[in-house]
Amino acid sequence: MDARITSRLRKSYVLRDLACESDLNPSKFIMPVFVKESGEIERSRWGGMEKVPLKALVSYLEPLADAGIRSVLMFGLPCSKDPSGSSAYAAEGVVQQAIRAAKGSFPEIAVLTDVCLCQYTDHGHCGILEGESISREKTLSALSKIAVSHAEAGADVVAPSAMADGQVASIRAALDASGYDSVAIMSYSAKYCSSLYAPFRDVASSAPSFGDRSAYQMDIRNRREAIAEALEDIREGADIVMVKPAITNLDVIRDLRKRLLCPIAAYQVSGEYAMIKVYSDAAGVSEARVVLEMLRSIRRAGADMIITYFAPQTIAYLREVWD
Ligand code: PBG
Ligand code: ZN
């Protein structure tokens, strides 16, 4: 072995920074943004994860752009829901308007959009139901319409998160057929069924009204299945594959990094955000240090990009000296 295991290169922060193997870079962060149709800006009980009305979107994004945020992942909070989630693909839907507003004022910001039905269906499931189970055919057709409507509004990347088999192929075909072959797909490939989505569902009012999502989201006990899901999504046309939640699936990020050549995204989800908030507060530890430790471990596992509610704060933390 060539490497000498000594602590000589840990003596100062300058040496540690010189010798570090993986690093966080603000250009790799994606900030989730929740957009609602009207009303005032609402803060969640966790501090961040605000719901932003369309009219305030540009003024909300301005300081983020100034702080160095270059990519956002948009989620829509519609004022009306129905069984088929039709407000998700309306040309004047909340996300469609948000994309146009964001791109109009910040053309250089990459706009990624979540493509799912759960915020838009009155039952809160990620697909269209037939009885109590999801109709694949109807769901794929709705997801494709959503993706095309986002592309039409100016989205750079669409991110299907419904965990419907064949969603990437169906969306890719629909985008290409509508002339949006340059719009990329980031697939939520390894999306585990998780209790760490609760703050998100609270903010997005998207908790299922009956049952849970275990019939379509992945089982936490499975690791090989995540590789299979990602390979399948790449075959179907995904440009980026995502793993979510991040901190409970670092092994999966590493497996994918070893197997795949395409970029890998990790989503540090709302429950991870909430845990860090509560822990730093309760233990009297600097939130900045906890955030950096978590994000650095996700990066070390092999994620190329990270979706995180801490994106703006982290950019500020990275400018400080950590000695
Ligand atoms: C919608 C979606 C969810 C998240 C991202 N997209 C919720 C869910 O699957 O219930 C969770 C994100 C988070 O918790 O931060 N399908
Ligand atoms: Zn969903």
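Me: A residue is near a molecule or strand if one of its heavy atoms lies within 4 Å of it. Of the 18 residues around ligand 1, which come nearest?

Reply: This is a predicted model, in which local features need pLDDT of at least 70, side-chain atom pairs count only at pLDDT 80 or more, and totals for chains, interfaces and linings use all residues. Residues are numbered from 1 along each chain as its sequence is written, chains are lettered from A and ligands numbered from 1 in the order in which they are written, and side-chain values use heavy atoms, with hydrogens and water left out. Around ligand 1 there are 18 residues, and those that come nearest are Lys191, Arg201, Lys244, Ser270 and Tyr309.

Me: Which strand and which helix each supply at least two residues of the shell around ligand 1?

Reply: Helices (H or I, at least four residues) and strands (E, at least two) are DSSP runs, numbered from the N terminus. Each of the two elements in question gives at least two shell residues to ligand 1: strand 8 (184-191) and helix 6 (198-204).

Me: How far is a polar side-chain atom of Tyr309 from an oxygen atom of ligand 1?

Reply: A polar contact is a pair of N or O atoms within 3.5 Å; within protein, one must be able to donate a hydrogen and the other to accept it, and residues adjacent in sequence count only if both atoms are side-chain atoms. Asp114 has a polar side-chain atom 3.5 Å from a nitrogen atom of ligand 1, and Gln217 has one 3.0 Å from an oxygen atom of the ligand. For Tyr309 the partner is an oxygen atom of ligand 1, and the distance is 2.6 Å.

Me: What share of the area that ligand 1 exposes when taken alone does the protein bury?

Reply: Accessible areas here come from the Shrake-Rupley method with a 1.4 Å probe, and for residues only the protein chains shown count as cover. Taken alone, ligand 1 exposes 400 Å², and the part of this buried by the protein is 100%.

Me: How many disulfides does the model have?

Reply: A disulfide is counted when a pair of cysteine sulfur atoms lies within 2.5 Å. For Cys193 the closest cysteine sulfur is in Cys126, and because the two are 9.9 Å apart, this is too far for a bond. By this rule the number of disulfides is zero.

Me: Is Cys118 buried or exposed?

Reply: Buried means under 20% relative accessible area, exposed over 50%, and partly exposed in between (1.4 Å probe, protein chains only). At 28%, Cys193 is partly exposed. Cys118 has a relative accessible area of 7%, so Cys118 is buried.

Me: What is the distance between the side chain of Ser149 and the backbone oxygen of Ile146?

Reply: Ser149 belongs to helix 4 (residues 136-153). Its relative accessible area is 7%, so Ser149 counts as buried. The Ser149 side chain reaches the backbone oxygen of Ile146 at 2.7 Å.

Me: From which residue does the backbone oxygen lie 2.6 Å from a polar atom of the side chain of Thr139?

Reply: Thr139 is also found in helix 4, and with a relative accessible area of 1% Thr139 is buried. A polar atom of its side chain lies 2.9 Å from the backbone nitrogen of Ile128. The backbone oxygen that lies 2.6 Å from a polar atom of this side chain is that of Ser135.

Me: What is the omega of the peptide bond from Lys244 to Pro245?

Reply: Pro245 lies in the loop between strand 9 (240-244) and helix 8 (250-259). The bond joining Lys244 to Pro245 is cis, with omega near -10°.

Me: What is the phi of Met163, which is not a glycine?

Reply: Met163 sits in the loop between strand 7 (157-160) and helix 5 (167-177). Its relative accessibility is 9%, so Met163 counts as buried. Although Met163 is not a glycine, its phi is positive, at about 55°.

Me: And what is the phi of Ser205?

Reply: Ser205 is in the loop between helix 6 and helix 7 (224-236). With 45% relative accessibility, Ser205 counts as partly exposed. Ser205 is not a glycine either, and its positive phi is about 45°.

Me: What distance separates the C-alpha atoms of Glu21 and Lys81?

Reply: Glu21 is in the loop between helix 1 (13-19) and strand 1 (29-36). Its relative accessibility is 83%, so Glu21 counts as exposed. Glu21 and Lys81 are 60 residues apart along the chain, and their C-alpha atoms are separated by 47 Å.

Me: What distance separates the C-alpha atoms of Ala65 and Thr6?

Reply: Ala65 lies in helix 2 (residues 57-67) and, at 22% relative accessibility, counts as partly exposed. Ala65 and Thr6 are 59 residues apart along the chain, and the separation of their C-alpha atoms is 41 Å.
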